[in-house]
Amino acid sequence: MAGLQVKALQKRYGSAVILKGIDLDVRDGEFVVLVGPSGCGKSTLLRMIAGLDEISDGELWIGSKLANKLSPQQRNISMVFQSYALFPHMTTRANIGFGPRMRGESAQSIEPRVKKAASVLNLHDYLDRYPRQLSGGQRQRVAMGRTIVRQPELFLFDEPLSNLDAKLRVQMRTEIKALHQDLKTTIVYVTHDQIEAMTMADRIVVMNAGHIEQVGTPLELYDRPANRFVASFLGSPSMGFIPGTAEKGDGAPRLRTRNGLLLPMGDSTAASGQAVEIGIRPEHFIVGDAQTGFPFVVGVVEPTGAETHLFGTIDGTEMRAVFRERLSPQPGETLYLDVNRANVHVFDPQSGARL
């Protein structure tokens with residue numbers, strides 16, 4: 001196994017700068033997820049770690065080796081792609097053992113490793129089947145088995161679940177996490193799906209426009225986002241934001257909206273009278289009353305069974321509220337909601353930084 005260290009890494013295509021000085025340390029045996037919107041540079045970073053794209057500037061260390069000039073074969077890594085990339089004319093057994101066979105290893109040394117990989121991935125009953133005889137999830141497990149037999153120091157996953165249906169993605173998330181717990185190998189995993197990131201990662205790296213916005217454990221990023229971008233990107237449904245002015249004086253700080261509505265506001269460095277935005281996650285709203293709560297005008301009601309999702313407005317700003325209770329308000333009805341001020345985040349409307 002090996003850790004990974006990235007120092008001031010840049011990627012340029014002519015005058016276009018794709019990665020703008022990335023600094024990242026991945027500990028030995030850690031499961032790190034790179035997440036961000038399309039075009040943020042996460043897959044480019046993964047390809048540079050793999051040696052598939054050249055490094056324009058900066059340093060890449062795999063373990064104690066400077067890897068900038070190493071070929072992909074010399075890096076002792078293994079990569080699982082979004083497409084399964086299986087050979088259709090080969091059985092599962094042959095696909096899993098393809099890499100060692102191409103390196104000239106003996107059949108006697110390959111077969112036990114193929115069987116071990118099949119055991120880890122529950123593929124024993126499918127070793128003699130061809131890819132066309134397998135489901136999408138089974139094909140992805142075969143692709144993972146092909147990486148396991150290499151016994152790499154570092155696993156790279158490039159959006160491996162995006163081609164699967166929703167139910168199978170949930171199953172495969174669990175299987176990949178269990179695989180990491182069993183093998184204890186360093187994993188760098190790329191996805192645009194923040195639910196995958198939250199449920200699988202030891203640490204999440206949130207990327208945007210070629211740089212890193214924040215690095216931390218899933219709950220650190222969820223509870224203490226460094227800026228508005230991270231706050232809005234992590235969480236499903238996403239956080240809603242209300243602009244206004246901070247009011248600090250006697251009692252707890254409050255937000256005065258543009259139309260004069262007073263809302264709870266969390267502790268922050270914002271000065272009284274400063275323009276701010278507050279952010280509230282949909283699940284943090286609670287049902288209040290007209291005396292203590294603030295009005296929420298219901299627009300759309302979405303019952304999901306386990307939860308009730310309400311779309312509506314607070315002082316004209318669109319917001320979403322999620323409740324475990326089975327509420328049944330009518331569109332156009334006004335509910336009075338409340339929120340614990342400890343769950344209200346405060347951001348600078350210009351820079352987006354948390355205050």
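1. Let us start with Pro-237, which sits in the loop between helix H9 (228-233) and strand E11 (240-247). The peptide bond leading into this proline from Ser-236 is cis, and its omega is near 0°. Please keep in mind throughout that this is a predicted model.

2. Two alanines deserve a look at their backbone. Ala-8 has a phi near 50°, a positive value in a residue other than glycine, and its place is in strand E1. Ala-209 also has a positive phi, near 55°, but this alanine lies in the loop between E9 and E10. How buried or exposed is Ala-8? With a relative accessible area of 38%, Ala-8 is partly exposed, because it falls between the 20% limit for buried and the 50% limit for exposed. Ala-209, at 38% relative accessibility, counts as partly exposed too.

3. Strand E1 also brings us to a set of antiparallel pairings. E1 (residues 4-13) is joined by 5 bridges to strand E4 (residues 57-62), and the two run antiparallel. Within this pair, Lys-7 of the chain stands opposite Glu-59 in E4. E4 in turn pairs with strand E5 (residues 65-66), again in the antiparallel sense, over 2 bridges. Here Ile-62 has Lys-65 in E5 as its bridge partner. E4 and E5 form a hairpin with 2 residues between them, and Gly-63 in that turn has a positive phi of about 65°.

4. Next comes an open sheet of 6 strands. Its order is E6-E7-E8-E3-E9-E10, and the pairing is mixed. Which strands stand at the edges? They are strand E6 (77-80) and strand E10 (211-216); each has a single partner strand, so one side of each is left without a neighbour in the sheet. On average, neighbouring strands of this sheet are turned by 20° against each other, direction ignored.

5. Inside that order, strand E3 (residues 31-35) pairs with strand E8 (residues 186-191) in the parallel sense, over 5 bridges. If you would like a spot to find this pairing in the model, try Phe-31, whose bridge partner in E8 is Ile-187.

6. Helices lie across this sheet. Helix H1 (residues 42-50) lies across E3, E6, strand E7 (154-158), E8 and strand E9 (203-208), and runs at about 145° to E7. H5 lies across E6 and E7, running at about 175° to E6.

7. Helix H4 (residues 107-120) is worth a check on its length. At 1.5 Å a residue, its 14 residues should span 20 Å, and the end C-alpha atoms are 20 Å apart, which agrees. In H4, the residues Ile-110, Arg-113, Val-114, Ala-117 and Ala-118 are buried. Why do they fall on the same side of H4? They cover an arc of only 140° around the axis, which puts them there. The general background is that an α-helix has 3.6 residues a turn, so residues three or four places apart point the same way.

8. To finish with the surroundings of H4, its buried residues are covered by elements including helix H2 (92-96), helix H3 (98-102) and helix H5 (136-148). H5 is thus a helix to look at twice, because point 6 placed it across E6 and E7. The face of H4 turned away from its buried side carries the exposed residues Gln-108 and Lys-116. Just after H4, Asn-122 takes a positive phi of about 55°.

Key. Residues numbered from 1 in each chain as written. Predicted model: local features only at pLDDT ≥ 70, side-chain atom pairs only at ≥ 80, totals over all residues. Heavy atoms only, no water. Pairing = 2+ DSSP bridges. Helix = DSSP H or I, 4+ residues; strand = E, 2+ residues; numbered from the N terminus. Expected span 1.5 Å × (residues − 1). Buried < 20%, exposed > 50% of the residue type's maximum accessible area, 1.4 Å probe, protein only. Arc of directions from axis to C-beta. Contact = heavy atoms within 4.5 Å. Axes fitted to C-alpha atoms, helices over the stretch in contact; angles between N-to-C directions.
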